[in-house]
Amino acid sequence: MATVAGVAVDPGHWIGGERVRSAGTFTDVSPIGETPLAEIARGGAAEVDAAVAAARRAFPAWARTSRDERARLLHAVADGVEKRIEELAQVETADNGALIRSHRRGVMPRVAHNFRFFADWLLRLGHDDFETRGHTNHVSWDPAGVCALITPWNAPLMLATWKIAPALAAGNTVVLKPAEWTPLTASLLADIAAEAGLPDGVFNVVQGYGAEVGGPLTAHPDVRRISFTGSVPTARTIAAAAAPNLTPLSLELGGKSPLLVFADADLDLAVDLAVEQYDNAGQVCLAATRLLVESSIADEFTARFLEKAGRIVQGDPRDEATDIGPQIHRRHLERVDGFVQRAKADGARALIGGGPNEELGGLYYRPTLFTGAPDGAEILTEEVFGPVLTLQTFDTEDEAVAMANGTRFGLAATLATGDPERARRVTERLVAGTVWVNCFFVRDLKAPFGGSRQSGMGREGGDWSFDFYCDLKNTVTAPWAR
Ligand code: NAD
């Protein structure tokens, strides 16, 4: 057992209701001080085979379990999460460096809600029968089988449970591969699921590296669904691995989302929305990293932005007063800094930031705002996934929309305007899975979530999750003889 933030965490896999070790391990390092946290089991094809086999064995009984019983068990998992919110928050903060205050008050309660929401949604899932020439058409959502769920490090348990809950609610069994930089809360979730009484093999976790575990998992012929959240290059590898089996995919990927600020906007709100994009040290897929501001207000917007951004408190994420913690890993910090240095070489000017936070040292990177990047510069088109924003100006609505839609991504878009008619016109033309008007990050689990263009494939949320995790079946019955 490893002890992290005073919490016992098993470093093994969770397969068929048992803890399993591997011959090799890898070191999980905290972004806070880059200290080692645990030696984690390093899985490979053998562990993937064992987990998929366990999930396959558990599938028929779980698929037949009544909806009421599945919902009851998912609520029991939510109860277990709620009992352990503080422990989960402490461990997640140690593991990924995100703020303890948001883990305590936002993220972990949302993890519990993921289970409750899909448990309740399952009970109302249905479609009215319809009739064709006296024949009844009955639509059913049949569980698909073993689901492979692969998740990133920026919001580990939140993003994993957003997939696990609907997959299990639908009657599937699951093999989760957490990100290798953040393996710990998945292990705690296995404990919670076992305590809640989930049958052995219904939920499995295989720890390890992307190519070594994710590779064989996504190529496995017994896997019936793959849901992946992560980067575009990994998505391409997964799509290729899934192709021989034609395994259905749900892909939630990166973005380069815009925040459009029109001259008629509430400027205080617009500045708040812009500075919020540094949350989680910029490691947020949905972040509106391109600030597109109407020219006539650009100077005032910039002045107010710099004033507010200057008050951001950067430091230890375990401190409740901290606004921004470290980057996840030294390799990631170097990647972020590579983008920043190339942006400078391309002619962009950093109004704030532009490098690591040398006072704090470690993995802290200064919130950065670039202006003057030339058209087509990498910093305007590629996802950095760090605390790095760019500022560009526009003169007309058409120009704003063209700039907003001008990347290969389409995950989200945010606009600040005081004119409802403008909001309607502009949102209609934006290419994005989610659009926020005068708000940011508010999301109901009932709504479809996903990305357009290279930000993803498919949608999850509410009915859309069940559509993905099920084989929909239409049963047509002829009239019975009287
Ligand atoms: P990543 O693609 O490097 O890794 C994600 C997961 O894929 C990890 O578990 C990794 O081990 C695994 N993986 C790596 N290679 C694999 C392979 N060959 N086969 C199967 N699995 C493999 O992404 P990351 O750096 O962990 O996360 C950051 C990215 O995730 C960013 O692009 C971000 O925008 C995106 N993201 C998207 C959303 C969304 O909902 N759209 C949410 C959060 C993060």
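Me: What makes Glu383 a polar contact of the ligand?

Reply: In this predicted model, a polar side-chain atom of Glu383 sits 2.6 Å from an oxygen atom of the ligand. The cut-off for a polar contact is a pair of N or O atoms within 3.5 Å, so the pair qualifies. As for cover, the protein buries 88% of the 850 Å² that the ligand exposes when taken alone.

Me: How do you know that Gly230 and Ser231 make polar contacts with the ligand?

Reply: The same kind of check works here. For Gly230, a backbone N or O atom lies 3.3 Å from an oxygen atom of the ligand; for Ser231, an N or O atom in the side chain is 2.6 Å from a ligand oxygen. Both values fall within 3.5 Å, therefore both pairs count.

Me: Which residues are closest to the ligand, and how many surround it?

Reply: Happy to list them: Glu180, Ser231, Thr234, Leu253 and Glu383 are the closest of the 28 residues around the ligand. By type, the shell has 13 nonpolar, 11 polar and 4 charged residues. At least two shell residues come from each of α7 (210-218), β12 (223-229) and α8 (232-242). Domain 1 (2-253 + 455-475) and domain 2 (258-437) each give at least three.

Me: Why is α5 called mostly covered?

Reply: Buried means under 20% relative accessible area, and 14 of the 14 residues of α5 are buried, so the description fits.

Me: What span is expected for helix α5?

Reply: At 1.5 Å a residue, 20 Å is expected for residues 156-169, and the helix reaches 20 Å from its first C-alpha to its last. After α5 comes Gly171, with a positive phi near 100°.

Definitions and conventions:
Residues are numbered from 1 along each chain as its sequence is written. This is a predicted model: local features need pLDDT of at least 70, side-chain atom pairs count only at pLDDT 80 or more; totals for chains, interfaces and linings use all residues. Side-chain values use heavy atoms; hydrogens and water are left out. A residue is near a molecule or strand if one of its heavy atoms lies within 4 Å of it. A polar contact is a pair of N or O atoms within 3.5 Å; within protein, one must be able to donate a hydrogen and the other to accept it, and residues adjacent in sequence count only if both atoms are side-chain atoms. Accessible areas come from the Shrake-Rupley method with a 1.4 Å probe; for residues, only the protein chains shown count as cover. Helices (H or I, at least four residues) and strands (E, at least two) are DSSP runs, numbered from the N terminus. Ala, Val, Leu, Ile, Met, Phe, Trp, Tyr, Cys and Pro count as nonpolar, Asp, Glu, Lys and Arg as charged, and the others, Gly among them, as polar. Domain bounds come from an automatic or database domain assignment. The expected span of a helix is 1.5 Å times one less than its number of residues. Buried means under 20% relative accessible area, exposed over 50%, partly exposed in between (1.4 Å probe, protein chains only).
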